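Please open the model in a viewer and keep the sequence at hand. The stops below are given as selections, each followed by what is to be found there.

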There are 2 protein chains.
Amino acid sequence: MAAYHLSTMFAALADPTRRAILARLATGERSVTELTEPFDMSLPAVSKYLRVLERAGLIARGRAAQSRPCRPEAGPLRKVADWTDGYRAIWEQRCDRFDTYRQQLKAKEKKHGRKQRGE
Amino acid sequence: MAAYHLSTMFAALADPTRRAILARLATGERSVTELTEPFDMSLPAVSKYLRVLERAGLIARGRAAQSRPCRPEAGPLRKVADWTDGYRAIWEQRCDRFDTYRQQLKAKEKKHGRKQRGE
């Protein structure tokens with residue numbers, strides 16, 4: 001796990017086919033052969049994509065010599081999620097600002113309404 | 001926003017310096033000049049990193065001709081976080097499995113305890 005770096009993980013995720021393979025594996029373990037069909041790819045082509053994901057630590061492969069089923073690796077994927085979580089504050093702060101603005105607007109409208117009703 | 005793709009964003013994030021610049025901007029807007037100091041880099045070097053982040057939609061730059069301050073862009077960063085959130089189920093499922101196992105273990109221990117006390 002320590003050997004897997006964010007840069008390698010992000011680089012592996014920068015390809016739509018690799019992300020699609022990962023999404024497929026999220027629904028359950030699959031052998032390389034099982035992955036060739038939905039992606040309409042040859043076995044060597046799928047294997048190439050899997051190798052990049054495996055080297056990045058994003059998937060692991062079973063030991064059964066024939067099928068070597070692939071599954072996504074929770075730990076490294078969590079590392080990526082933890083990184084993005086660090087930036088959650090940025091948009092949450094923006095939402096907070098928007099909420100404050102909306103509340104100020106509401107208060108103004110209420111005040112204005114009172115004035116119109118002569119309160 | 002629609003023009004910013006996950007692949008371009010992940011590729012931009014696959015570099016430690018670009019991530020470090022983004023982390024610096026998360027604490028507040030900075031001009032290119034202000035970014036050269038902590039990174040001990042020349043202005044053209046920082047500009048090059050910023051261009052990649054800007055093209056990926058991860059940062060935006062102000063219009064003030066002299067400083068053009070940089071800030072992180074919440075929308076695209078959220079898109080990356082939403083993607084990783086989709087995989088949260090994988091490790092949460094693992095934790096659930098662990099919880100089930102722990103509960104089963106507790107139930108067993110309870111049962112065993114009762115037997116020992118002759119209940």
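At roughly what angle do the axes of α2(B) and helix α4 of chain B cross, and within what distance do they come? Select residues 43-55 of chain B for α4 together with α2(B): the axes cross at roughly 80° and come within 10 Å. Axes here are lines fitted to C-alpha atoms, for helices over the stretch in contact, and angles run from 0 to 180 degrees between N-to-C directions. The two helices α2(B) and α4(B) are therefore roughly perpendicular (65 to 115 degrees; under 35 counts as roughly parallel, over 145 as roughly antiparallel, the rest as oblique).

Before going on, note that this is a predicted model, in which local features need pLDDT of at least 70 and side-chain atom pairs count only at pLDDT 80 or more, while totals for chains, interfaces and linings use all residues. Residues are numbered from 1 along each chain as its sequence is written, chains are lettered from A and ligands numbered from 1 in the order in which they are written, and side-chain values use heavy atoms, with hydrogens and water left out. Helices (H or I, at least four residues) and strands (E, at least two) are DSSP runs, numbered from the N terminus.

**The α2–α4 pair in chain B**

Show side chains at this crossing. From α2(B), Thr17(B), Arg18(B), Ile21(B) and Leu22(B) are in contact (heavy atoms within 4.5 Å) with Tyr49(B), Leu50(B), Val52(B) and Leu53(B) of α4(B).

**Helix α2 of chain B**

Next, select residues 16-25 of chain B, which form α2. Buried here (under 20% relative accessible area; exposed is over 50%, partly exposed in between; 1.4 Å probe, protein chains only) are Arg18(B), Arg19(B), Ile21(B), Leu22(B) and Leu25(B). Seen down the axis of α2(B), these buried residues fall within an arc of 160° (taken from the directions from the helix axis to the C-beta atoms), so they line one face of the helix. An α-helix has 3.6 residues a turn, so residues three or four places apart point the same way.

Now move to the N-terminal end of α2(B), which Asp15(B) caps. One of its side-chain oxygens lies 3.0 Å from the backbone nitrogen of Thr17(B).

**The α2–α3 pair in chain B**

Add residues 32-39 of chain B, helix α3. The axes of α2(B) and α3(B) are 11 Å apart, and the helices pack at an angle of about 120°. That angle makes α2(B) oblique to α3(B). Where do these helices meet? Ala20(B), Ile21(B), Arg24(B) and Leu25(B) of α2(B) meet Leu35(B), Pro38(B) and Phe39(B) of α3(B).

**The loop after α3**

Continue to Asp40(B), in the loop between α3 and α4 of chain B. Its phi is near 50°, a positive value in a residue other than glycine. Most residues other than glycine have a negative phi, and most peptide bonds are trans. Is Asp40(B) buried or exposed? At 72% relative accessibility, Asp40(B) counts as exposed.

**Strand β2 of chain B**

Select Pro72(B), in strand β2 (residues 70-72). Pro72(B) is buried, at 5% relative accessibility. Measure from its C-alpha to that of Leu53(B): the two are 9.0 Å apart in space and 19 residues apart in sequence.

**Chain A**

Finally, colour chain A by secondary structure: 6 helices and 2 strands appear, in the order α-α-α-α-β-β-α-α. Of its 119 residues, 37% count as buried.

Notes. Polar contact = N/O pair within 3.5 Å; in protein donor to acceptor, adjacent residues only side chain to side chain.
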